[in-house]
Amino acid sequence: MTYVVTDNCIKCRFTDCVEVCPVDCFYEGENMLVIHPDECIDCGVCVPECPADAIFPDTDPTVGADWLRLNHDYADKWPNITRKKPPLPDADQLNGTPDKLRFFSPEPGEGDA
Ligand code: SF4
Ligand code: F3S
């Protein structure tokens, strides 16, 4: 099992989650974060920190295999992030918008740099 970041992180990217992760397993894309499934220790402490309620265990029935694959694929490509930064500009307005996968960017973020 692992936890995964899902749809509602896209274009919000609040980053509260990274501050509490004991193993620093969040990776930053241009408009969302992902969790590295091989590094997550399933502690669950990031879940209540996310203002967008975007983090779920991969065993949750609402989380499809595609989200696990996306987290795995992009955790290998994007830089590590361990420090909170300001959310994306429209984060509050877009929090809760349905079907945000259409906005997904495969480009990397800046990480802690
Ligand atoms: Fe990190 Fe724990 Fe969240 Fe996994 S469940 S990403 S180890 S805080
Ligand atoms: Fe995304 Fe929530 Fe973290 S919006 S960046 S998973 S705090």
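Let's start in the loop between β3 (33-35) and β4 (55-57), which is where you'll find D42. This is a predicted model, and D42 is a good place to drop in. Its phi is near 60°, a positive value in a residue other than glycine. As for how much of D42 shows at the surface, the relative accessible area is 29%, so the residue counts as partly exposed.

Now hop over to another loop, the one that runs between β1 (3-5) and α1 (16-20), and look for T15. Here is another positive phi in a residue other than glycine, with T15 near 70°. Is T15 buried or exposed? With a relative accessible area of just 2%, T15 is buried, because the cut-off for that label is anything under 20%.

T15 also takes us to a ligand, since T15 is among the residues around ligand 2. Which others are there? From the stretch around T15 you get C9, R13, F14, D16 and C17. V5 and L33 join in as well, and so do C50, P51, A52 and I55. Sort that shell by character and you get nine nonpolar residues, one polar and two charged.

Next up is helix α2, residues 65-75. Which of its residues are buried? They are W67, L70, N71, Y74 and A75. Look down the axis of α2 and these buried residues fall within an arc of 115°, which means they line one face of the helix. Swing round to the other side of α2 and you meet A65 and D66, both exposed. So what covers the buried residues of α2? The cover includes three strands we can name: β1, β2 (26-28) and β3. Two of those strands have already come up on this walk, as β1 leads into the loop that holds T15 and β3 leads into the loop that holds D42.

Last stop: the segment after α3 (91-94), where S105 sits. S105 has a relative accessible area of 9%, so this serine is buried too. What does its side chain reach? It gets to the backbone nitrogen of E107, at 3.1 Å. If you leave aside the neighbours within four places in sequence, S105 is in contact with E30, N31 and W78. Those three are worth picking out on screen around S105.

Definitions and conventions: Residues numbered from 1 in each chain as written. Chains lettered and ligands numbered in written order. Predicted model: local features only at pLDDT ≥ 70, side-chain atom pairs only at ≥ 80, totals over all residues. Heavy atoms only, no water. Helix = DSSP H or I, 4+ residues; strand = E, 2+ residues; numbered from the N terminus. Buried < 20%, exposed > 50% of the residue type's maximum accessible area, 1.4 Å probe, protein only. Near = heavy atom within 4 Å. Nonpolar A, V, L, I, M, F, W, Y, C, P; charged D, E, K, R; others polar. Polar contact = N/O pair within 3.5 Å; in protein donor to acceptor, adjacent residues only side chain to side chain. Contact = heavy atoms within 4.5 Å. Arc of directions from axis to C-beta.
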